[in-house]
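Please walk me through this model in the viewer, one selection at a time, saying at each stop what to pick and what is found there.

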Amino acid sequence: MSYKVKDIKLAPEGKRVIDWAQAHMPVLAQIRKEISKTKPLKGLTVGAALHTEAKTAVLVRTLVAGGAKVAITSCNPLSTKDDVAASLAREGVNIYAWRGETNKEYYANLNKILDFTPDILIDDGADLIYLVHTKRTELIGKVIGGAEETTTGVIRLRAMEKDGVLKFPVFAVNDSYSKHFFDNRFGTAESTFQAITTTTNTLIAGKKVVVVGFGFVGRGIASRARGLGAKVAVVETDPVKALEAVMDGYDVETMDEAAKRGDIFITTTGNLKVIRAEHMKKMHDGAILCNSGHFNVEIDILGLEKISVSKKEVLQDVLEYKMKDGRRIHLLTEGRLVNLAGARALGHPMEIMDMSFALQAMSAVLLAQRGKKMKPKVYRVPEEIDVRVTELKLKSLGVNVEKITPEQKKYLESWKEGT
Ligand code: ADE
């Protein structure tokens, strides 16, 4: 076992938050109970690049209970919780992660995980899998397969598949219903506002919140912003999504229009430079910019630097850029995903990550069982696993679902006249 963390003395506090999360993740608990008996991951090394925070540590404990050796780093230079990392190190996990890694350290840590010659990769954003396919190609043939957590990672992997370069099977965990319907929508919405308000202490009610992008993440954030009393505008390039936002009752505006009126801007597109200098020039004094997409490319920070005359950290995770005319723009967490990169950001609620990480644990088991026979493609997690996660969650919530009658089932399966 080896590790590099910020301060191993933080382990006791890390253990408390991991234990708290574990006690609120019943679906993952059920999977852990099962695989700790059968040990399907025995003899295998799982290499992971995941936001190293409390819920992730519960996934790591689950993989270890299933027999795996785990080596983990973070998938973002700012998202590691140092107490959690210390606790994982104390628990015997190979971990190379700390909050505030430089770019060089970030890549060195990813490489360090690959030095453990993992059989299975668990990724969030596809940086680890990308590295294997570019600079660490000696591992191709050794890696059985991977599992990807997020939309951005799945998009990258599908592009690799399309270009014929993907060399092993990967489960697109993100595409499971029990993931993106809940994690992307409800999880990101709550974690984004948790992070914005604990970082800035700003009021949301009465503010004009501009949500850029109206996918699952954008929809969730727009809905929560409205629930908190904000006036919500949506910026979207896809006409169908834009129309959906209109009929959901939001103002749909171009970025140019929204720039003049917005108080808080939240990007959720997965695309680059959706807020540019030309927009920032129109923003009012004190506008807050933040991003909830995976990479820090959505807000054009270089553009912001060019049009500003000074920059200072006025508060932890808040950079204040001053324009020539005295206007100030406040950028949160350097444009990195605000719901995880903030020092006080907690990531998605425990009950949400319970489902996402149950899918990850089961995907790892599937790869151990049948990965060697699978083609190098991007796969959906099998439907029965998706359904199982949903049913376990409902059970944990004490919710009973109405049962379809045999007559109703027959009716739905019949093509004959309905009368
Ligand atoms: N916690 C761990 N991974 C996360 C993710 N991808 N999104 C939100 N919270 C998380």
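Is S178 buried or exposed? Bear in mind from the outset that this is a predicted model. With a relative accessible area of 1%, S178 is buried, because buried means under 20%.

**Around S178.** Select helix 8, residues 177-200, in which S178 lies. Now show the side chain of D386, which a polar contact of 2.5 Å joins to the side chain of S178. Leaving aside residues up to four places away in sequence, S178 touches M355, L359, D386, V389 and T390.

**The sheet.** Keep helix 8 displayed and add strand 11 (264-267), strand 12, strand 13, strand 14 (318-323) and strand 15, since helix 8 lies across these strands and runs at about 140° to strand 11. Extending the selection gives an open sheet of 8 strands with mixed pairing, in the order 10-9-8-11-12-15-14-13. Its edges are strand 10 (251-252) and strand 13 (308-315), each of which has a single partner strand, so one side of each is left without a neighbour in the sheet. Within the sheet, strand 12 (residues 287-291) pairs with strand 15 (residues 328-332) in the parallel sense over 3 bridges, and L289 has L331 in strand 15 as its bridge partner.

**Salt bridges.** The structure holds 26 salt bridges, and three of them make useful stops.

- Select D317 and R99, whose side chains meet in a salt bridge at 3.0 Å, N to O. D317 lies in the loop between strand 13 and strand 14, and R99 in the loop between strand 4 (94-96) and helix 5 (103-114), so the pair ties together parts that are 218 residues apart in sequence. D317 counts as buried at 11% relative accessibility, and R99 is buried with a relative accessible area of 17%.
- Move to D175 and R158, where the side chains meet in a salt bridge at 2.5 Å, N to O. D175 sits in the loop between strand 7 (170-172) and helix 8, while R158 belongs to helix 7 (residues 151-162), 17 residues apart. D175 counts as buried at 14% relative accessibility, whereas R158, at 34%, counts as partly exposed.
- Return to strand 15 for R328, which forms a salt bridge with D285, the closest N and O atoms being 2.8 Å apart. D285 is in the loop between helix 12 (277-280) and strand 12, 43 residues apart from R328.

**Cysteines.** Finally, select C75 and C290. The structure holds 0 disulfides, and for C75 the nearest cysteine sulfur, that of C290, is 18 Å away. C75 is buried at a relative accessible area of 3%, and C290 is buried at 0%.

Terms used. Residues numbered from 1 in each chain as written. Predicted model: local features only at pLDDT ≥ 70, side-chain atom pairs only at ≥ 80, totals over all residues. Heavy atoms only, no water. Helix = DSSP H or I, 4+ residues; strand = E, 2+ residues; numbered from the N terminus. Buried < 20%, exposed > 50% of the residue type's maximum accessible area, 1.4 Å probe, protein only. Polar contact = N/O pair within 3.5 Å; in protein donor to acceptor, adjacent residues only side chain to side chain. Contact = heavy atoms within 4.5 Å. Disulfide = S-S within 2.5 Å. Pairing = 2+ DSSP bridges. Axes fitted to C-alpha atoms, helices over the stretch in contact; angles between N-to-C directions. Salt bridge = Lys/Arg side-chain N within 4 Å of Asp/Glu carboxyl O.
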